[in-house]
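Reader: I have some questions about how the terms used for this model are justified. Please answer each one by setting the value against its definition.

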Amino acid sequence: MSTLREYPSDSGSSGRNPNARPAERTSTADPAGPDAPRRRYAVVGLSNRGVASFVRPLLGVSDAGAPDDAADSSDRSTLGYGASADDFSGHGELVAVLDVDRARADAFAATILPPGHPEVPIYAPEEFEDLVREARPDVVIVTSPDHSHARYIEAALAAGVDVVSEKPMVATAADAARVLRAEQASAAGVRVTHNLRYTSRHRQIKRMVLAGAIGRPLHVNMDYHVDIRHGASYFLRWNRERANSGGLTIHKSTHHLDLISWWLADAPSTVYAVGGRDYYGPGSPHRPAGANTAQVRERDPYYQAQRGSGAFHDGADQARRGLFDLPYEVQYPAGSDLYLYDEEIDVEDHVAALLTFASGATAAYAVDFSSPWEGYRATLTGTHGTIEVFTGRTPDGESLPGSGQVTHRPLFGPPEVIDIESVSGGHDGADPLMRRDLFVGPDEESVALGLGASAHEGALAVAAGEAIWRSIEEGRIVSVAELLETRSSAQG
């Protein structure tokens with residue numbers, strides 16, 4: 001791996017943008033350190049992500065020993081939800097869970113809890129105050145569907161309980177503004193799990209920017225692709241309706257928008273975007289004729305391309321089941337056969353946006369949810385050169401040529417190619433590092449790079465994502481700050 005040189009910078013010795021708005025507060029959700037006593041955790045939402053990435057590590061139940069080449073095995077698939085061989089049971093204790101689906105929660109208690117583990121109380125959504133009073137959690141981890149995050153975050157903060165929220169922090173700018181007000185009034189704090197910051201290549205890029213490798217950052221170009229398997233999955237789940245997810249420009253794009261803002265150490269100011277729904281929904285050019293879902297499915301190119309992968313739910317006569325064979329009897333009950341071309345789909349499946357930032361930097365961001373490959377190309381351009389990165393894989397997990405390399409091209413001088421080592425663990429090794437920050441405490445690198453995302457940063461990502469779909473819908477430039485303020489005022 002190449003050794004980084006000293007780089008020129010015209011943005012100060014740290015390479016940071018001096019106009020960047022800092023986080024308004026440091027969340028108290030950070031543990032005191034590796035020697036701190038075990039903290040008490042309650043998990044709201046037994047989602048695939050919640051169970052794989054947070055509950056099982058807290059219980060000491062790992063995916064150690066899962067075969068690396070078993071791409072379609074149950075253990076291997078958990079990596080997409082952040083699983084790894086982590087065991088944080090020495091640092092945290094699971095004291096309660098809450099879920100809208102009692103059958104799912106009961107199945108969790110019967111099959112996921114290790115033998116001999118104390119009973120974990122189960123609560124319904126309307127019993128959240130009882131959970132806080134009876135289970136006395138130090139931290140609430142929110143991994144329920146996006147539209148429900150705000151109510152739990154606000155209630156936890158009102159009770160003085162710290163929060164770890166799965167990204168996106170919330171589903172609307174109005175909710176984001178309310179969370180910021182609630183945090184300001186509370187002794188507790190919020191951390192948002194923007195895990196893309198933690199991947200090796202993204203940390204390498206951040207270090208290079210801070211070292212002045214490209215001088216003062218001027219522009220970021222990110223072209224992101226979600227493959228036909230992963231992309232289609234969003235349109236078979238609750239994410240496909242804006243009322244539930246805020247749209248994919250919030251549910252998915254906040255990943256990318258936060259990453260860009262973090263690289264720039266800057267806040268998004270305005271957004272102009274175009275886009276639409278041209279792959280999925282009733283107007284899709286891929287929709288075969290048919291009287292019912294089964295007939296459509298037999299001639300559907302998405303379904304045929306993924307036959308046998310498990311990506312599509314077969315058998316609407318039974319409730320859908322997720323990872324670890326846990327049922328979804330409330331979200332996806334028997335008789336409910338969601339499909340890619342349903343009328344209720346109301347979110348965009350491709351967008352292109354131009355963002356401006358407080359410093360005057362800009363970003364061009366595009367994403368589509370029906371691509372032959374998954375990954376992105378990004379270029380960071382500054383006054384002294386560029387940083388380029390590419391990563392991609394096929395729907396079957398095969399890496400595309402050139403994946404993982406970061407290339408530095410100084411304005412005056414030869415290019416430098418930096419090979420990024422592959423790291424095991426969910427999301428290219430990001431989730432294990434993020435969990436260590438959350439459950440043990442941030443290490444020196446985490447503090448130096450600002451890896452942990454605050455509520456303020458989570459709110460900016462949500463507002464930028466909403467600005468994208470509003471710009472498309474309203475045909476105008478949208479101010480991110482005004483969106484946070486005006487939408488909040490309009491809703492009380």
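Reader: What makes the pair R240 and D342 a salt bridge?

Author: A salt bridge needs a side-chain nitrogen of Lys or Arg within 4 Å of a carboxyl oxygen of Asp or Glu. In R240 and D342 the closest N and O atoms are 2.9 Å apart, so the pair meets the definition. R240 sits in the loop between α8 (228-234) and α9 (242-245), and D342 in the loop between β10 (327-328) and β11 (350-357), 102 residues apart. Helices (H or I, at least four residues) and strands (E, at least two) are DSSP runs, numbered from the N terminus. This is a predicted model, in which local features need pLDDT of at least 70 and side-chain atom pairs pLDDT 80 or more, while totals for chains, interfaces and linings use all residues. Residues are numbered from 1 along each chain as its sequence is written, and side-chain values use heavy atoms, without hydrogens and water.

Reader: Why is D162 called buried?

Author: Buried means under 20% relative accessible area, exposed over 50%, and partly exposed in between (1.4 Å probe, protein chains only). D162 has 6%, so the residue counts as buried. Its salt-bridge partner R39, with closest N and O atoms 3.3 Å away, is also buried, at 17%.

Reader: How do you know that Y272 is partly exposed?

Author: The relative accessible area of Y272 is 40%, which falls between the two limits, so the middle term applies. Y272 belongs to strand β8 (residues 268-276).

Reader: Why is helix α7 described as largely enclosed?

Author: Ten of the eleven residues of α7 (residues 200-210) are buried, so the rest of the structure largely encloses the helix. Among them are R201, I205 and L210.

Reader: Why does D99 have no salt bridge?

Author: The nearest side chain of opposite charge, R104, is 5.0 Å away. Lys and Arg count as positive and Asp and Glu as negative, with His and the chain ends not counted. The 5.0 Å separation is beyond the limit, so no salt bridge is assigned. D99 is nevertheless buried, and lies in the loop between β2 (92-98) and α3 (102-111).

Reader: What makes D431 and R49 a link between distant parts of the sequence?

Author: Their side chains meet in a salt bridge of 2.8 Å, N to O. D431 lies in helix α14 (residues 426-439) and R49 in helix α1 (residues 48-59), so the pair ties together parts 382 residues apart in sequence. D431 is buried at 0%, and R49 is buried at 9%.
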